[in-house]
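Hi,

Here is the structure I promised to pass on. Have a look at it first, and my notes follow below.

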Amino acid sequence: MDNLTAWQGRTEEQLDAITATPLAAMAALLDRDDPAPHPGSAVPPLWHWLYFLPVHRQSQLGPDGHVLRGGFLPPVDLPRRMWAGGRLRFLAPLQVGDQARRVSTIADITSKEGRSGKLVFVLVRHVIEGAAGVAIEEEHDIVYRANPQPGDPTPSPVAADLDHDWIRDITPDPVLLFRYSALTFNGHRIHYDQPYVTQVEGYPGLIVHGPLIASLLLDLVRRERPAAVVTAFSFRAVQPLFDIHRFSVCGRVEPDGHTITLWAKTHDGQLAMRAEALLA
């Protein structure tokens, strides 16, 4: 940890042009019949993840398809890296045609012992600016952990809530996962390389991207409340989802009318992700 704390406070700045093609591709991926985006079209909430992509050279990638440790992110000596959750505020629209800027900061690095060994948590803060000023403030939680060992305890499953107003079933076939990996330039092999994920990392199937699940949750809100303006969103992964089973995204409107409780559940009713959206 003494070595890792040297990364705390490190910053990175990226510039990108907000173009129409990624938005059209994301709409196709989510099976939406949206009008073609054009200059001035607003970027839907969470679709900013299609920009500021990790364009590392091929020689800079590790055996799992991730970039080698020790660049912007700290060189955590644990093999598994997961996008555990995040919190976002949407302050102003990003629009097609904007020249956008993202400043990222390593805000915190902590370590603890879990039931299956050491865990390292890295908190990254992003501030994204467009033509209208600061558009998005985001906190991104990354967790690193060791590979599981025989005899490690397994977390007890959490039953998903049954009290939903909206529900949509999702079939996470390999084509969907490959297209999302390609759209976000995500080389992590657990999402598209079935022999690698099952034989090397020991998972039962391809893993559904955490950001894709979060995007499907907010897409549920857009389908049910198309005129609503999302001002904030938070999410937390509970357990992974795999391409071997369908899953469901669910939502419930809370009594205040502005808070939407969201969750993803497995085919057999276990909680996979919990989230909350706030509407204007």
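Bear in mind that this is a predicted model. I'll start with Val 127, which sits in strand E4 (residues 117–130). Is Val 127 buried, exposed or partly exposed? Its relative accessible area is 32%, and partly exposed covers the range between 20% and 50%, so Val 127 is partly exposed. Together with Leu 91 and Val 134, Val 127 makes a nonpolar surface patch of about 190 Å².

Now for the sheet that E4 belongs to. Ten strands form an open sheet, ordered E1-E3-E4-E5-E2-E7-E10-E9-E8-E6, with antiparallel pairing. The edges are taken by E1 (11–17) and E6 (166–170); each has a single partner strand, so one side of each is left without a neighbour in the sheet. From one strand to the next, the twist averages 20°.

At the E1 edge, seven bridges join E1 to E3 (residues 99–114), and the two run antiparallel. If you want one pair to look up, Asp 16 has Ala 100 in E3 as its bridge partner.

Then there is helix H4 (residues 210–224), which lies across E2 (80–90), E6, E7 (230–237), E8 (247–253), E9 (259–265) and E10 (271–279). The helix runs at about 135° to E6.

Last, the segment before E1 contains Ala 6. Ala 6 counts as exposed because its relative accessibility is 55%, and the cut-off for exposed is over 50%. Arg 80 is 74 residues from Ala 6 along the chain, and their C-alpha atoms are separated by 21 Å.

Cheers

Technical notes: Residues numbered from 1 in each chain as written. Predicted model: local features only at pLDDT ≥ 70, side-chain atom pairs only at ≥ 80, totals over all residues. Heavy atoms only, no water. Pairing = 2+ DSSP bridges. Helix = DSSP H or I, 4+ residues; strand = E, 2+ residues; numbered from the N terminus. Axes fitted to C-alpha atoms, helices over the stretch in contact; angles between N-to-C directions. Contact = heavy atoms within 4.5 Å. Buried < 20%, exposed > 50% of the residue type's maximum accessible area, 1.4 Å probe, protein only. Patch = residues over 30% accessible without salt bridge, like charges linked within 9 Å, V, L, I, M, F, W, Y side chains within 5 Å. Areas by Shrake-Rupley, 256 points an atom, 1.4 Å probe, with all protein chains shown as cover. Salt bridge = Lys/Arg side-chain N within 4 Å of Asp/Glu carboxyl O.
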